[in-house]
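Trainee: Could you walk me through this one, strand by strand and helix by helix?
Mentor: Sure, pull it up and we'll go through it together.

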Amino acid sequence: MAKSTSRSLDIVLYGATGFAGALTAEHLAKNAPPGVRIGLAGRNRAKLESVRANLGSAASEWPIIIADADAPSTLDALAQRTQVVITTVGPYTKYGLPLVGACANVGTDYVDLTGEVLFALDSINKYHEQAVGSGARIVHACGFDSVPSDLSVYLLHRRAQQDEAGELEDTTLVVRAAVGGISGGTAASGLEIIDAARKDPAARRATLDPYTLSPDRAKEPEFGSQSDLAVARGADIDPSVRGWKAPFFMGVFNSRIVRRSNAILDWAYGSRFRYRETMNAGPPLLSIPVSLAIAGGLGFGAVLAAVGLSIPPVRWLIERLSPKSGTGPGEWLRKRGFYTIDTYTRTSNGARYVLTWSQKGDPGYAATAVMLGESALTLALDRDRLPHRAGVLTPATAMGDALADRLRAAGLQIDIRKLG
């Protein structure tokens, strides 16, 4: 375990009074090893002290840090004080870039749980080179967006390497089952993404480009530009998969993170690597026409929802029905939620694998708090195991095996089987 003494803290959690922030603080209080130096940051001292008081004796000495996105000097001071910053303050497109800049400037590692592709793109364009120079690891998407997606493909690549099975080619994630809720922060982020794409043609093109986060767009294969919103026949994913699959609504973002990982790794997954995300569209024993109808209906519904949100009366209704800021699923759902995903791949040598990833807890909150907290602990405590790489990275390219090991130790089930 490597720990720097040049900063007074190992981890600072910014946004600790928000819904996701408080859950992440709870995870750290229960699971951080003794001696890890953690601080809580946000705008309101009284609320921060209330959060700390609810965490028990493990957090009783955690310092309170006042910081605000509207006061950049406070973010600079925060970044200079710690090895790693966790931020749960969104929508990131609106509030996130000043903290990315502060961390990139002084070489502080950074993790968040964004699912906002335009924010990630702005972060790359404005701060990647600066972060490379300072040695900062800026790691977006360290929650349900997009750790399961990104690490599943990375681990399949590692297994294929180990077996000398060739490069990855067609690779598809299937959400087999998931139970969870939505918070006000997630709803606000979704509306922010749609607003930006609606108002700015360049933003809309970037959102639709499957390789928009790639560091070298010209090297990406055009044949890999399959639609992220197309239905998929199970047998085309793998001979063992039944029925038809609908597009997974989070795949539009997750797929771009996975493709960026492949590019950062110098296309190590393969020059013919293609990736998409889907979800079950009903019980697997449904007849083919019924399964296709459900999958197609869900795919069309995803497109219709995005279009509908740009229409003022529809948007007004959605805003009124969405959870309010700072709220989220209740304790019962957070504890009883779960998800299971299967990621299938075929290699250039004809081998077939499936990686099954499952976790207890509401995916977007209880489960995400574990992944976000463990990502920060990996960056703070496992620095001797991390790749020698800096800049705006992805979970796989920043932390890889070290993060996978921590997640397994935290109770996640991650298993790979060779199918043929």
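**Strands and helices, one at a time**

Mentor: Two bridges join strand β8 (residues 232-233) to strand β9 (residues 244-247), and the two strands run antiparallel. Bear in mind that this is a predicted model.

Trainee: Okay, which residue in β9 is the bridge partner of A232?

Mentor: Start from the pairing: β8 and β9 run antiparallel. A232 has its bridge partner in β9, and that partner is K245.

Trainee: And how many bridges join β9 to β10?

Mentor: β9 and β10 run antiparallel. Within that pairing, P247 stands opposite T278 in β10. The number of bridges joining β9 to β10 is three.

Trainee: Now the open sheet. Which strands stand at its edges?

Mentor: The sheet has seven strands with parallel pairing, in the order β3-β2-β1-β4-β5-β6-β13. An edge strand here has a single partner, so one side of it is left without a neighbour in the sheet. As for twist, it averages 20 degrees from one strand to the next. The edge strands are β3 (64-66) and β13 (391-393).

Trainee: Inside that sheet, what is the bridge partner of V12 in β2?

Mentor: β1 (residues 9-14) and β2 (residues 38-42) pair in the parallel sense over four bridges. For V12, the partner in β2 is G39.

Trainee: Something lies across β1, β4, β5 and β6. Which helix is that?

Mentor: Look for a helix running at about 170 degrees to β5 (109-112). Residues 363-381 form that helix, which is α15.

Trainee: Are α6 and α9 roughly parallel or roughly perpendicular?

Mentor: Helix α6 (residues 117-134) and helix α9 (residues 201-208) pack with their axes 10 Å apart, at an angle of about 100 degrees. Angles of 65 to 115 degrees count as roughly perpendicular. That makes the arrangement of α6 to α9 roughly perpendicular.

Trainee: What residues of α9 make that contact?

Mentor: On the α6 side you have V117, L118 and L121. By class, the contact has five nonpolar, one polar and no charged residues. From α9 come A203, A206 and T207.

Trainee: How many residues of α11 are buried?

Mentor: Helix α11 (residues 251-264) has 14 residues and reaches 19 Å from its first C-alpha to its last, close to the 20 Å expected. What covers its buried residues includes α6, α7 (147-162), α9, β10 (274-280), β13 and α16 (395-398). Among those buried are F253, I257 and R260. The number of buried residues in α11 is twelve.

Trainee: Last one: which residue just after α11 takes a positive phi?

Mentor: Look just past the end of α11, for a phi of about 60 degrees. The residue is D266.

Note on methods:
Residues numbered from 1 in each chain as written. Predicted model: local features only at pLDDT ≥ 70, side-chain atom pairs only at ≥ 80, totals over all residues. Heavy atoms only, no water. Axes fitted to C-alpha atoms, helices over the stretch in contact; angles between N-to-C directions. Parallel < 35°, antiparallel > 145°, perpendicular 65-115°, else oblique. Contact = heavy atoms within 4.5 Å. Nonpolar A, V, L, I, M, F, W, Y, C, P; charged D, E, K, R; others polar. Pairing = 2+ DSSP bridges. Expected span 1.5 Å × (residues − 1). Buried < 20%, exposed > 50% of the residue type's maximum accessible area, 1.4 Å probe, protein only.
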